[in-house]
Amino acid sequence: MGMDRNTVIGFVLLGVLLFLYLFISTKNSQEFQKQKKQYDDSVAMVKAHQNAIVQSHDTVKNKTAAVIDTTGFNRAVGGTEQLLTVENDVMRIVFTNKGAQPKKIELKKFNAYDSAPVKIIDPSADNHISYAINTAQNQSAQITDLFFSEGKLTKNADGSQTVDFRLPTPDGESIIHHYTIRPNDYMIDWEVQVANPSKLFTGNNLNLTWHAELMRAQQGVAYEKRQSSVSFYEDNNFDYISRKTDVSFEKPVQWLAISQQFFNITLVAKDNFNSGAVRWAREVSDSTNTVARMDATLQSKIPSGSSVVFPFQVYYGPNDYTILKKQGKGLDKVIDLGRGFYSFVRPINVYVVMPVFDFFKNFIASYGIVIMLLTIVIRLITSPLVYSSYLSGAKMKALRPEIDEMKKRVGPDQQRASMEQMKLFREAGVNPLGGCIPALLQIPIFFALFSFFNSSIELRNQAFLWSKDLSAYDSIAHFGFSIPLFGDHLSLFGLLASATNFVISLYGISMTPPDQNNPAMKYMPYLMPIMFLFFFNSLPSALTWYYTISNIITLILQFVIQNYIIDHDKILAKLQANRNKPKTKAKWQERFEQMQESQKKVQQLKNKK
């Protein structure tokens, strides 16, 4: 494919869209610092409130220390923490009776960057779901500050396990946290069973508060932070926030999730939350393993009755499309296979890329080979577009001598040159957008694969050649310092992708020399590979391996099509035959020439003045 103007336009548009993609996905440091300050201020207020509650509890304990009292909430205030470990095939859960909820969750089938199991709930971080209850007249306490009785574990005939925590309460009142853990399942059922809710809750509302902190799981923590987000299902419609820091819910909310690159925690309300709000921020400090933090408040109406049950589910697991799709409720949309401005590429991933990828991985153990075969299939699918682009380039090359001669004849008058060039194209039957449109039509596939390789959890910890993990960047050298926009390492796959891109540019120049009078056309073939090297260096090695293979296929196709398929003599003969045919202008050509003629007249009037 020659490096004519339309081809370069196609590449420039591709580069601009890639810049836009990364800009949308990445906040600048000033925005991060502003978010973090706002978030820290909110956290400080919450902690101050919690400290006040703790002081209140200490006062209660001091007042009751002299008298042994087993009535009311005294035992709940002054209890002792007890832990209970429950396991299934995929995770290990450590429950605490303080707040009656998970304190630590390890995912058995996934290891973190340090080779230890991924801790989706890390005891070193602050993760809890709480709500306030009335403990006395004009007094309340958060459930996470109260001690339930020791958890009771029951193993059921169907292989599931249930855990029950009962809160010590006055007679006539009760709160039970009932958990169900099924075999080989990341979703936990959680029921809050309440007796006499009118005494325990104020305002006929269950006001849930959820604080979550995601911890590092990947080698490239900075990239992992950029891939984190909050998503939700409001009024049966999916949405997410990545650049924004907060959102309010005015319609029923089915679920709320906080996710990092390959894992997520999702809180599901079977009866929906009525309203709520969420605030979150990515961690900006390079010295911490915290990826992101979130605070959410969610309200549920308390149904009438002496006893009520609030049914919830909590998903602690991987961003695996198959697993999340089976859960229903739109949970598969937590995975970024194309969102927001790029949501048009999601169907390409779901119905084309993923089925082909899954087909090959069923027969081939090496994911690097699977990616190579996927690339070949994608290039075969797009080959008609590639051929059309190359054919257009060949026609433009055939007209190049006449175009150069025409430009010498008309001199520096760019407007006249443009009109003469359009006339030449019309006479020869050449579409000047013939090389640009096929390149534009391939852009959705480009971004579909970009999203897919960024979110494919199958690639985690899969080694190929010198890459230890196809889901992270490969590195053949660490600098010991960071270069802005480049990083502190050198990716060999990124270097190969850029080098093959440069070879494509050189081949294009050899086939069709760029316009030397246009600086952008003259230097763009050399600048684009350098720009792409900055993009590629920190991308997952699966992506840069794909681009390397794709570029090699492009070179092969260029050589074969240009030398063995396209007959340049026939093209010249066809162009000449087109000139001999009676011409009818297309409507777009007429409008374009009318516009040029109007501009020419306006310019002439200006020159007379």
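**Exercise 1. A charged pair across two strands**

Is Arg 92 buried, partly exposed or exposed? Find its salt-bridge partner too, and place both residues in the chain.

*Solution.* The model is a predicted one.

Step 1. Arg 92 has a relative accessibility of 28%. Buried means under 20%, and exposed means over 50%. Arg 92 therefore counts as partly exposed.

Step 2. The partner is Glu 106. The closest N and O atoms of this salt bridge are 2.8 Å apart.

Step 3. Arg 92 sits in strand β2, and Glu 106 sits in strand β3. The two are 14 residues apart, and the pair links distant parts of the chain.

Step 4. Glu 106 has 10% relative accessibility, so Glu 106 counts as buried.

Step 5. Now widen the view. A network of salt bridges links Glu 87, Arg 92, Lys 104, Glu 106 and Lys 108. The whole structure holds 13 salt bridges.

**Exercise 2. The sheet around that pair**

Work out the strand order of the sheet that holds β2 and β3, and find its edges.

*Solution.*

Step 1. Four strands make an open sheet, in the order β1-β2-β3-β4. Their pairing is antiparallel.

Step 2. The edge strands are β1 (83–87) and β4 (117–121). Each has a single partner strand, so one side of each lacks a neighbour in the sheet.

Step 3. On average, neighbouring strands here are turned by 20° against each other, direction ignored.

Step 4. Look at the middle of the order. Six bridges join β2 (residues 91–96) to β3 (residues 101–111). Ile 93 has Ile 105 in β3 as its bridge partner.

**Exercise 3. Two further salt bridges**

Compare the settings of Arg 182–Asp 185 and Arg 293–Glu 283.

*Solution.*

Step 1. In the pair Arg 182 and Asp 185, the closest N and O atoms lie 3.1 Å apart. Arg 182 is partly exposed at 24%. Asp 185 is buried at 15%.

Step 2. Arg 293 and Glu 283 meet at 2.5 Å, N to O. Arg 293 belongs to strand β18 (residues 290–301), while Glu 283 belongs to the loop between β17 (275–282) and β18, so the bridge ties together parts ten residues apart in sequence.

Step 3. Check the burial of this second pair. Arg 293 is buried at 18%. Glu 283 is buried at 5%.

**Exercise 4. Positive phi angles**

Which values does phi take at Asp 235 and at Leu 465?

*Solution.*

Step 1. At Asp 235, phi is near 55°. At Leu 465, phi is near 50°. Each value is positive in a residue other than glycine.

Step 2. Locate them. Asp 235 is in the loop between β12 (229–234) and β13 (237–241). Leu 465 is in the loop between α12 (443–455) and β20 (477–483).

Step 3. Add accessibility. Asp 235 is partly exposed at 33%, whereas Leu 465 is exposed at 58%.

**Exercise 5. Two helices**

Find the span and the buried residues of α8, then the nonpolar patch that includes Phe 559 of α15.

*Solution.*

Step 1. Helix α8 (residues 367–381) has 15 residues. From first C-alpha to last, α8 reaches 21 Å, close to the 21 Å expected.

Step 2. Its buried residues include Tyr 367, Val 370, Ile 371 and Leu 374.

Step 3. Phe 559 lies in α15 (residues 541–565). Phe 559 is partly exposed, at 41%.

Step 4. Ile 552, Ile 556, Phe 559, Val 560 and Tyr 564 make a nonpolar surface patch of about 490 Å².

Technical notes. Residues are numbered from 1 along each chain as its sequence is written. This is a predicted model: local features need pLDDT of at least 70, side-chain atom pairs count only at pLDDT 80 or more; totals for chains, interfaces and linings use all residues. Side-chain values use heavy atoms; hydrogens and water are left out. Buried means under 20% relative accessible area, exposed over 50%, partly exposed in between (1.4 Å probe, protein chains only). Two strands pair if DSSP finds at least two bridges between them. Axes are lines fitted to C-alpha atoms, for helices over the stretch in contact, and angles run from 0 to 180 degrees between N-to-C directions. The expected span of a helix is 1.5 Å times one less than its number of residues. Patches are made of residues with over 30% relative accessible area and no salt bridge: like charges are joined within 9 Å, nonpolar side chains (Val, Leu, Ile, Met, Phe, Trp, Tyr) within 5 Å. Accessible areas come from the Shrake-Rupley method with a 1.4 Å probe; for residues, only the protein chains shown count as cover. A salt bridge is a side-chain nitrogen of Lys or Arg within 4 Å of a carboxyl oxygen of Asp or Glu.
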